[in-house]
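The following exchange introduces a structure to a reader who has not met it before. Each answer sets a value against the definition it depends on.

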Amino acid sequence: MFTERKEVNAMGRTYKTVTVMDIDFFNTSMNAFLKHIVYPDLANGNKCFIVTANPEIVIETRDHPEFKKVVQSADYVLADGVGVVNAAMLLGQPLPERVSGIDVMYHMLDHAAKQGYSVFFLGASEDSNKKAVENAEKIFPGLKIAGRHDGYFDPADESIARMVVDSNPDIVLVALGMQRQEGWIADNIDKFDKGVFMGVGGSFDVLSGKAQRAPKIWIKLQLEWLYRLIKEPKRIKRVLRVFEFMLLHTPVVKHVIKMFGFNKTRPRGKS
Ligand code: UDP
């Protein structure tokens, strides 16, 4: 969980990252990320893999080395959670703000509709996927839909990836849930010549109206996780992992970890 500053080169610029538990978070605001990275990448037909990582994802990478490699292979990892932003602050290298995946998705859809970029919607249940696409077309008139497919398929089924490649999308949004979606992107991105790829978790369910995002006041009070927990009590296990993350980043615990040398990198066994 200790930090050093690394650099990411993108579009001829050098950006700093903030490392939280071996994950290099891109040090950017939402607007700068869209304006300086995503929109130029789209305009130039560059391929890129975006991971929006919350504390739960960070903890998951610690426990699953293969998943960690996938997240580390992304071009940009964004801090999608106040927990990550707070951890970076405690590490003395503040990130400007939370950059949430669902907001990046909405901005990208808006930009795509205005600039004529096409989008593939991969993931969620058939109903939710269909409705999400219909709503996206209503909210963002003129949006080009490259294609869509629900997220309940065998990841080894090559025909799904082939279908997405053949639709020649500029943007590929993948809503298969944490790990599965990042894994799918990492496994298939080499088959594409271009495209901005991003895992969007439950965002199609919000776009379709199947799930509600927390009201603004909950988000402002940094309680979006609590709102989701109330709506979906079965998320309790996942929320406990967020607490684990927060605990690991409290100054007292950090100090104890440092004092006893628990911060040394050790090889981990397979999970
Ligand atoms: N999902 C899917 N295929 C699967 C498992 C899940 O398409 O095999 C979808 C699910 O229907 C939901 C999204 O992935 O729309 C996961 O949402 P969740 O809120 O769990 O996202 P996370 O918090 O894992 O990012």
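Q: What does pLDDT stand for in a predicted model such as this one?
A: The model is predicted, and pLDDT is the predictor's confidence in each residue, on a scale from 0 to 100. The chain averages a pLDDT of 87, and 86% of the residues score at least 70. Over residues 265-271, however, the pLDDT is below 50, and this stretch has 5 contacts in the model beyond near neighbours in sequence.

Q: What makes the approach of Y152 to the ligand a polar contact?
A: A polar contact is a pair of N or O atoms within 3.5 Å. A polar side-chain atom of Y152 lies 2.8 Å from an oxygen atom of the ligand, so the pair meets that cut-off.

Q: How do you know that the backbone of A175 and of G202 also makes polar contacts with the ligand?
A: For A175, a polar backbone atom is 3.2 Å from a ligand oxygen atom. For G202, a backbone N or O atom lies 3.4 Å from an oxygen atom of the ligand. Both values fall within 3.5 Å, so both pairs count as polar contacts. Of the ligand's own accessible area of 550 Å², the protein covers 82%.

Q: Which residues come nearest to the ligand, and how is the shell divided by class?
A: Of the 16 residues around the ligand, G151, Y152, D205, R228 and R238 come nearest. The shell has 5 nonpolar, 6 polar and 5 charged residues.

Q: Why are certain residues of helix 4 called buried?
A: Buried means under 20% relative accessible area. In helix 4 (residues 82-90), G83, V84, V85, A87 and A88 are buried, so each falls under that limit. Helix 4 is followed by G92, with a positive phi near 80°.

Note on methods. Residues numbered from 1 in each chain as written. Heavy atoms only, no water. Near = heavy atom within 4 Å. Polar contact = N/O pair within 3.5 Å; in protein donor to acceptor, adjacent residues only side chain to side chain. Areas by Shrake-Rupley, 256 points an atom, 1.4 Å probe, with all protein chains shown as cover. Nonpolar A, V, L, I, M, F, W, Y, C, P; charged D, E, K, R; others polar. Contact = heavy atoms within 4.5 Å. Buried < 20%, exposed > 50% of the residue type's maximum accessible area, 1.4 Å probe, protein only. Helix = DSSP H or I, 4+ residues; strand = E, 2+ residues; numbered from the N terminus.
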